[in-house]
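Welcome, and please take a moment to turn the model around before reading on. The report below walks through its chains first and then visits a few chosen spots.

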Amino acid sequence: MQLKRRDFMKVTGAGIACLSLSHLGFDLRPVQAYAAQLKFEGAKEVISVCPFCAVGCHIIAHVKDGQLVNTEGDPDYPINQGALCAKGAAMLSLTRNPHRVVKPLYRAPNSDKWEEKDWDWMLERIATRVKDSRDQNLKTTNDKGQRVNRLDQVFTLGTSHMDNEECALVHQAMRALGVVHMDHQARI
Amino acid sequence: MTNHWIDIKNADAILIMGSNAAEHHPISFKWVLDAKSRGAVVMHVDPKFSRTSARSNFHVPLRSGTDIAFLGGMINHIIENKKYFEEYLVNYTNASFLVGDAFGFEEGLFTGYDPKTRKYDQTKWAFQLDENKIPKKDPSLGNPRCVFQLMKKHYSRYTPDKVSNITGVSQENLLKVYEAYAATGAPNKAGTILYALGWTHHTVGVQNIRSAAILQFLLGNIGIAGGGINALRGEPNVQGSTDHTLLYHLVPGYMAMPVADWQTLADYHKANTPVSNDPQSANWWQNKPKYFNSLLKAWFGENATKENDFGYGMLPKVEKGEDYSYLFLFDRMYRGELKGGFIFGLNPTNSVPNSNKVRKALDNLDWLVTVDVHNTETTDNWHRPGIDPKTIKTEVFLLPSAHRLEKDGTVTNSGRWQTWHNAAVKPPGDARTFGDMVVDLMNLVRKKYEKQPGTYADPILKIDWPAKYDAEEMAKRINGFFTVDIKVADKEYKKGQLVPSFAVLADDGSTSSLNWLYTGSYTEAEGNKSKRRDPTQTPMQAKIGLYPNWAWCWPVNRRILYNRASVNLDGQPYNPDKTVIQWQDGKWVGDVPDGGWPPLATGKGKSPFIMTVHGFGQLYGPGRMEGPFPEHYEPVETPVKNHPFSKQLRNPCYKSVSSDMDILAAPGDPKYPIVLTTYSVTEHWCGGGETRNLPNLLEAEPQLYVEMSPELAKEKGIKNGDGVIVESARGKVEAIAMVTVRMRPLKIQGKIIHEIGMPFCFGWTTPGCGDSTNRLTPSVGDPNTSIPEYKACLVNIKKADKLTEIS
Amino acid sequence: MPKSFLIDTSRCTACRGCQIACKEWHELPANKTKQRGSHQNPPDLNPFNYKLVRFSESLENGKISWYFFPDQCRHCIEPPCKGEAEGYLEGAIIKDDKTGAVLFTELTAKLSPENCEAVRAACPYDIPRRNEQTGLLTKCTMCIDRVSNGMLPACVKVCPTGAMNFGERADMLELAQKRLAEAKKTFPKATLADADNVSTIYLLIDEPKKYQPHAVAGLSGDLSRKQFLARIFGPLKRPLQRTASV
């Protein structure tokens with residue numbers, strides 16, 4: 001039987017015992033019980049920085065038993081004062097993402113698939129590639145006879161995702177190898 | 001940014017141009033709207049009406065690539081109507097400098113142009129020097145050879161009718177912006193300019209920004225609260241990665257990469273250390289040998305000695321004038337000249353222009369190491385659509401990297417604040433930080449060279465390289481150490497102690513630092529300052545939101561650069577309501593001043609623009625490739641065959657590469673009559689490799705679209721939501737039509753020109769979302785920076801019969 | 001003390017921080033969406049989006065307007081959805097008088113699809129959505145768990161520009177009047193949408209219909225707005241103590 005809206009506008013004092021919002025993961029007995037139900041209750045707060053644009057909003061990561069359970073804008077940081085945009089707000093699912101690459105992957109020449117390898121195997125193989133390329137191609141002097149120590153055939157690109165400490169190391173390593181083809185997001 | 005994010009709130013006028021701040025730096029609008037709610041006028045000049053425009057006082061559409069015409073018109077307006085801040089102009093800029101007789105300008109070209117090399121002889125643009133080699137000046141600004149008069153003459157050509165004619169902006173709209181912004185020429189008013197890739201992504205990118213600098217100098221807006229030239233930098237640590245220089249042409253700290261002609265350290269210093277005989281010029285770069293030698297000392301440790309030029313000889317040397325940036329790198333790769341390489345957290349098959357060529361170029365590599373958090377169009381290029389992987393010879397490595405919440409370290413925001421982030425959780429699976437893998441890999445390479453020397457092992461074996469990656473230890477190395485026990489100005493330091501400030505860096509090998517700009521960030525007295533979370537401010541600092549005790553900022557915790565230009569010759573602020581610094585009781589209070597010298601009126605002061613040789617702001621910039629004054633040139637692919645300012649249609653010095661895949665449309669090409677501009681979206685980051693893997697963000701922006709006016713859609717028989725094909729001389733791209741009144745047809749030289757816009761964040765590894773927009777854009781770039789012209793090229797558009805990339 | 005939201009559309013930049021923060025806080029799965037010629041995505045509220053930024057644009061007399069409407073449950077003072085649901089099942093929809101939050105409980109899963117449709121039809125703002133898999137009715141929860149713990153709702157906490165505000169109802173009403181007065185200087189048509197009847201008050205800078213069909217109650221019906229409001233929100237005029245339900 002279809003009833004009119006007005007018929008249901010009566011005020012009710014009906015009890016709400018035994019109700020729950022289990023689909024949200026919360027108990028409603030009574031509403032105040034939520035006080036103990038926050039999903040990051042007891043979590044450790046860790047300060048981090050949003051990995052997208054260079055406003056560099058600060059983020060609080062809530063960690064419970066080694067797992068990330070929530071992220072929020074850092075209300076104390078003077079620039080974002082707790083606020084975040086769409087990307088910054090997605091930090092939980094960014095970090096806990098099922099699409100992450102979690103194993104070193106190797107694709108052999110002319111192969112049609114990735115193969116999982118361990119780090120030692122990968123780094124050993126890459127180091128061999130680097131040394132061979134360098135030994136075969138390093139230009140110690142140019143056409144004018146000037147000393148140049150340059151490895152024109154090997155390049156490095158990226159990344160603005162690196163921390164300052166990592167950038168400093170990459171620059172140092174690449175110059176030691178003789179790499180001059182070097183660029184990253186700052187130019188695009 | 002010369003200033004910083006919070007400081008935007010101090011502006012009386014905000015010109016957002018070459019930026020869509022609300023969409024690409026959403027938190028910036030916290031401060032933009034803060035200023036607006038206190039009466040600031042917010043103006044958005046941009047081809048597209050965007051979320052930024054929606055919250056601005058007004059939006060003014062212009063054709064992509066005509067910013068210099070627009071700004072040149074504003075310079076003209078300010079000079080003609082005497083809206084400039086004359087005292088500032090005379091005391092702090094090179095307006096009064098006299099330019100040599102060789103300088104001239106005719107038909108769009110400055111003197112000294114060689115059409116064969118497409119380069120200028122910049123010596124023709126030199127200043128007139130007195131017997132001490134100090135530029136001659138005319139403080140009355142009346143001399144016809146002074147910068148001010150030459151500039152006035154140059155921009156007198158930028159009349160409202162001509163500007164309107166080529167930009168597509170009505171004269172009424174021009175005046176609206178000009179008048180509102182010029183009002184900040186009053187000494188107690190501040191105007192800020194917020195720009196981003198919308199200015200840099202042009203073959204006249206640097207001169208777009210130079211135009212803005214000229215405006216800010218004219219109006220006295222540099223060095224003050226609420227002023228400045230503010231590049232809203234777009235990537236997570238792009239400021240830091242530029243400072244620490246993942247770029248071919250520099251070494252960390254904005255010093256030149258050695259070229260082959262500088263064979264010795266002495267050669268390097270001779271070529272790179274500026275000299276000024278003006279006692280009023282700080283000429284800060286005269287200290288460069290201290291910074292460079294400390295860098296070498298940090299790189300080579302004990303192996304850097306005075307006797308071996310601190311290891312300078314071991315460094316690679318580039319060829320003078322040779323370009324090793326993206327456009328040229330991928331061109332050489334396409335020609336098969338490169339063997340292998342590393343791509344860390346970057347998706348060039350989506351984000352570099354003419355990406356069809358980039359994708360093909362990668363096929364020519366023997367080996368490729370990719371490092372990322374997700375599979376991207378770059379990591380998986382070997383099995384891209386239409387390619388049989390069995391034909392691709394490249395050995396590809398994909399190393400899983402840690403994300404921000406999974407590691408410790410520092411990043412530097414656009415306002416130069418260096419802030420520490422802490423690892424919250426462990427990286428998933430076997431993922432590792434970039435630092436871990438680079439340190440370990442280099443140690444393996446070093447071991448191999450120890451066992452079997454190979455070619456010129458010296459630089460590899462002699463670098464001072466850590467055994468394990470430790471962000472804290474690296475932060476100290478960046479700050480720098482004393483390498484010997486030493487006494488500096490009555491203070492004793494021990495070998496191994498942290499250097500307190502770059503003022504004590506030395507050129508004799510007694511100090512090391514991986515980046516002089518960051519010296520002072522980590523000290524014995526105060527520890528790691530990037531971790532500071534102290535909101536304390538003096539009332540003066542609080543008024544402008546300076547937060548000097550929160551984190552740390554380069555250089556020397558100075559929050560507003562060139563801040564001595566915010567005060568008069570007596571050291572008193574031009575705007576006492578928003579004081580940045582002030583000379584009180586024999587010392588400076590407020591921000592950290594640009595050097596502690598007393599005010600200029602004492603006769604012992606120094607001019608505020610300490611990073612320039614002469615100490616003055618450069619209205620006239622003789623160091624740029626295409627001329628000392630910005631001049632309007634059309635984009636390389638332009639819908640017009642001429643423009644009203646000269647016969648020189650395009651930048652005479654723009655960079656380009658040539659191959660069978662680098663095809664350009666001719667000016668006014670009837671096959672490609674529509675202007676395309678490209679951009680990011682709020683919900684995705686850059687090439688989209690990460691954010692397309694975030695379901696919640698993909699839900700909000702799921703597929704490639706093209707924004708176009710209803711007028712163009714009608715002309716082409718396209719309805720909102722239709723599949724379309726956009727085609728340039730280089731490639732075709734499928735997209736969904738977003739027919740919107742926010743794109744307006746523009747009247748250029750009496751004819752309607754249509755402009756469309758597309759994001760570039762979509763790629764084939766995310767099924768059905770579309771593929772790289774950069775298959776359309778050309779490999780042409782700015783002559784100073786080689787930044788490609790993503791923001792203006794020519795295309796055509798038609799309704800698609802069927803879609804294969806989007807489903 | 002009941003709480004209220006003030007959503008000041010004159011300050012919204014549609015960064016969609018609120019839309020995403022809501023999903024992240026509630027850990028709601030993503031919908032497979034398509035580009036249909038609009039930035040508004042998903043196209044509508046659904047069981048996995050309790051909050052949706054709606055976009056509407058127009059060109060009038062050469063002036064472009066682009067309006068953003070972060071749509072969500074209004075947490076009506078006298079919620080018609082609750083009245084409707086009670087006709088079928090007591091407790092399926094409840095109102096927490098402490099906060100003013102209108103909450104859909106797990107009992108909503110026991111409502112038939114037709115009942116759910118009727119609840120949705122009863123809502124003057126077209127908010128409730130039924131999850132076809134679980135049968136639950138869904139919508140904004142006012143982040144009751146956060147609010148009960150003295151925190152701001154996720155969508156308010158994340159907002160950079162002061163578009164999203166939340167607090168004591170009295171404070172929000174005061175702020176609303178202040179912001180309205182400010183907005184009226186630039187936008188003479190600025191209004192507060194149904195402020196007396198709802199806990200989610202929108203400050204609109206133009207006629208409500210320019211935003212979306214359900215920006216205010218009764219926009220698309222036959223009755224006049226005044227009649228409509230009187231009809232659906234009639235009980236509001238009763239003494240407050242009689243509305244106590246918890």
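## Chains A and C

Of the 188 residues in chain A, 64% are buried, where buried means under 20% relative accessible area, exposed over 50%, and partly exposed in between (1.4 Å probe, protein chains only). This is a predicted model, in which local features need pLDDT of at least 70, side-chain atom pairs count only at pLDDT 80 or more, and totals for chains, interfaces and linings use all residues. Residues are numbered from 1 along each chain as its sequence is written, chains are lettered from A and ligands numbered from 1 in the order in which they are written, and side-chain values use heavy atoms, with hydrogens and water left out.

Chain A has four helices and ten strands; helices (H or I, at least four residues) and strands (E, at least two) are DSSP runs, numbered from the N terminus. Starting at the N terminus, the order in chain A is β-β-β-β-β-α-α-β-β-α-β-β-α-β. Chain C, in turn, contains seven helices and ten strands.

The table sets out some totals for the two chains.

| Chain | Residues and buried share | Exposed area | Share of that area from carbon and sulfur |
|---|---|---|---|
| Chain A | 188 residues, 64% buried | about 6700 Å² | 47% |
| Chain C | 246 residues, 66% buried | about 9100 Å² | 54% |

The areas come from the Shrake-Rupley method with a 1.4 Å probe; for residues, only the protein chains shown count as cover.

Contacts, meaning heavy atoms within 4.5 Å, can also be sorted by how far apart the partners sit in sequence. In chain A, among contacts with a separation of 6 or more, 30% are between residues 24 or more positions apart. For chain C, 59% of the contacts between residues at least 6 apart in sequence join residues at least 24 apart.

## One helix in chain C

Helix H3 of chain C spans residues 113-122, and its buried residues are Asn115(C), Cys116(C), Ala118(C), Val119(C) and Ala122(C). These residues lie on the same side of H3(C), because they cover an arc of only 160 degrees around the axis; the arc is that of the directions from the helix axis to the C-beta atoms. What do the buried residues of H3(C) pack against? Their partners in chain C are helix H2 (80-86), strand E4 (93-96), strand E6 (129-130) and strand E7 (137-138). On the face turned away from the buried side, H3(C) carries the exposed residues Glu114(C) and Ala121(C).

## Cysteines without a bond

A disulfide is a covalent bond between the sulfur atoms of two cysteines. Here the term is applied to a pair of cysteine sulfur atoms within 2.5 Å, and over all chains the structure holds zero disulfides. Cys15(C) is in no disulfide, and its nearest cysteine sulfur, that of Cys85(A), is 6.2 Å away. Cys15(C) is buried, with a relative accessible area of 7%. Why is Cys73(C) not bonded to Cys140(C)? The sulfur of Cys140(C) is the closest cysteine sulfur to that of Cys73(C), but at 5.6 Å it is too far for a bond. Cys73(C) is also buried, at 7% relative accessibility.

## Aromatic pairs

Over all chains there are 55 aromatic pairs. Rings of Phe, Tyr and Trp (its six-membered ring) pair if their centres lie within 6.5 Å; planes under 30 degrees apart count as stacked, over 60 as edge-to-face and the rest as tilted. Tyr106(A) and Phe397(B) make a tilted pair, with 5.5 Å from centre to centre and 55 degrees between the planes. This pair joins two chains, because Tyr106(A) lies in strand E6 (residues 105-107) of chain A and Phe397(B) in strand E14 of chain B. Tyr106(A) and Phe397(B) are both buried.

Phe217(B) and Phe609(B) form an edge-to-face pair, because their ring centres are 5.2 Å apart and their planes stand at 85 degrees. Phe217(B) sits in helix H10 (residues 205-218) of chain B and Phe609(B) in the loop between strand E25 (587-590) and strand E26 (655-656), so the pair links distant parts of the chain, 392 residues apart. Phe217(B) is buried at 8% relative accessibility, and Phe609(B) is buried at 3%.

## Two loop residues in chain B

Lys393(B) is found in the loop between strand E13 (367-372) and strand E14 (395-400) of chain B. With a relative accessible area of 40%, Lys393(B) is partly exposed. Leaving out residues up to four places away in sequence, Lys393(B) touches Arg107(A), Pro109(A) and Asn110(A), as well as Asp363(B), Asn364(B), Leu365(B) and Asp366(B). The side chains of Lys393(B) and Asp366(B) are joined by a polar contact of 3.3 Å. A polar contact is a pair of N or O atoms within 3.5 Å; within protein, one must be able to donate a hydrogen and the other to accept it, and residues adjacent in sequence count only if both atoms are side-chain atoms.

Thr579(B) is in the loop between strand E23 (552-553) and strand E24 (581-584) of chain B. Thr579(B) is buried, at 7% relative accessibility, and its side chain reaches the backbone oxygen of Pro576(B) at 3.1 Å.
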